[in-house]
Every structure is written in structure tokens, then in C-alpha cells.
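Visitor: I would like a close look at a single part of this model, taken slowly and with the cut-offs spelled out. Please show me the sequence and structure, and then take one helix together with what surrounds it.

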Amino acid sequence: MCLLHHLSANLSCFSLPLSALYASFQNEALEACGFLSLLREAGLLAALEGTKDALSLSSEEREVLYPFAEKLGKGYLGEEQALCRYAREGFERLYNSQREEFPKKRKTEGALVVTGGLMVILLFL
């Protein structure tokens with residue numbers, strides 16, 4: 001998400017080439033998993049493919065990112081800005097839905113842990 005904001009903001013303000021935008025982006029976690037080095041060498045799609053196991057993206061996140069990565073850098077400035085905006089909005093929707101679902105999942109997981117503990121106790125009786 002930070003990369004999307006970085007790309008969007010810098011495309012709008014400075015109209016820099018993607019290689020310069022990639023070079024100026026910093027993120028410790030993405031650097032540690034090798035994503036940023038691949039990004040700078042081969043582009044966004046190659047970085048996503050090369051680090052897909054390390055990134056652990058959900059299918060919904062991949063549905064937003066992969067089309068974005070395939071189209072990025074192939075259009076005019078206005079198209080690039082719209083593409084960034086669309087991807088950012090997609091991630092914001094995903095984030096909001098996950099934030100709403102988290103308390104429900106946490107309650108379910110807690111109930112499963114308690115039920116599993118009770119079952120183990122019953123086994124020993």
C-alpha cells in the first residue's frame with residue numbers, strides 16, 4: 001500500500017519515470033524479502049512474481065496488484081494516475097473489509113481454542 005501511495009503521489013507531482021520512482025522508494029520489510037531489489041532491476045510485475053511466497057498476498061490482493069503491475073508504465077500520465085488511484089482504492093476496500101471482519105474472526109478463533117482445550121480435558125478424564 002505504501003508503494004502505491006508513493007507511486008501515485010510522485011506521478012502526480014513530479015511525473016518521474018518509473019525507474020526513478022522505484023529507486024526513491026524505501027521500505028525495510030520489502031527490502032528484507034528482496035522485493036525492492038527485484039523492483040528496481042526488473043519492474044513491479046517481476047518483483048511480485050519473484051517474491052510471491054515471501055509477500056503472502058491473498059487472492060483478492062493479487063487481483064488488484066497484478067493487473068496494476070501489468071499496465072503500469074504503458075500509458076500516458078493521466079492513465080497512469082487513474083491506474084494508481086484505482087489500485088489504491090481497491091486496497092482501501094480490502095483493508096476496510098478485513099478491519100470489519102477481524103473482530104468476528106478473533107471471537108471464532110477464541111471459541112475454537114476454548115472448545116479444543118475442553119475436548120483435550122475430556123479426553124484425559
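Guide:
**Helix α4 and its surroundings**

The buried residues of α4 are covered by elements that include α1, α2 (18-24), α3 (28-32), α5 (44-50) and α6 (52-55); contact here means heavy atoms within 4.5 Å, and helices are DSSP runs (H or I, at least four residues), numbered from the N terminus. The model is a predicted one, in which local features need pLDDT of at least 70, side-chain atom pairs count only at pLDDT 80 or more, and totals for chains, interfaces and linings use all residues. Residues are numbered from 1 along each chain as its sequence is written, and side-chain values use heavy atoms, with hydrogens and water left out.

Helix α4 itself spans residues 35-42, and Phe 35, Leu 36 and Leu 39 are buried in it, where buried means under 20% relative accessible area, exposed over 50%, and partly exposed in between (1.4 Å probe, protein chains only). These three buried residues lie on the same side of α4 because they cover an arc of only 95° around the axis, the arc being that of the directions from the helix axis to the C-beta atoms. On the other side of α4, Glu 41 and Ala 42 are exposed. Just after α4 comes Gly 43, which takes a positive phi of about 105°.

Among the covering elements, α1 deserves a closer view. His 6 has its place in helix α1 (residues 2-14), and His 6 counts as buried because its relative accessibility is 17%. Its side chain reaches the backbone oxygen of Leu 21 at 3.0 Å, a polar contact being a pair of N or O atoms within 3.5 Å, of which, within protein, one must be able to donate a hydrogen and the other to accept it, while residues adjacent in sequence count only if both atoms are side-chain atoms. Not counting residues up to four places away in sequence, His 6 touches Leu 21, Ser 24 and Phe 25.

Leu 7 also lies in helix α1, and with a relative accessibility of 1% Leu 7 counts as buried. Leaving aside neighbours within four places in sequence, Leu 7 is in contact with Leu 18, Leu 21, Tyr 22, Phe 68, Leu 72 and Cys 84. The C-alpha atoms of Leu 7 and Ala 29, which are 22 residues apart along the chain, are separated by 18 Å.

Technical notes: Helices (H or I, at least four residues) and strands (E, at least two) are DSSP runs, numbered from the N terminus.
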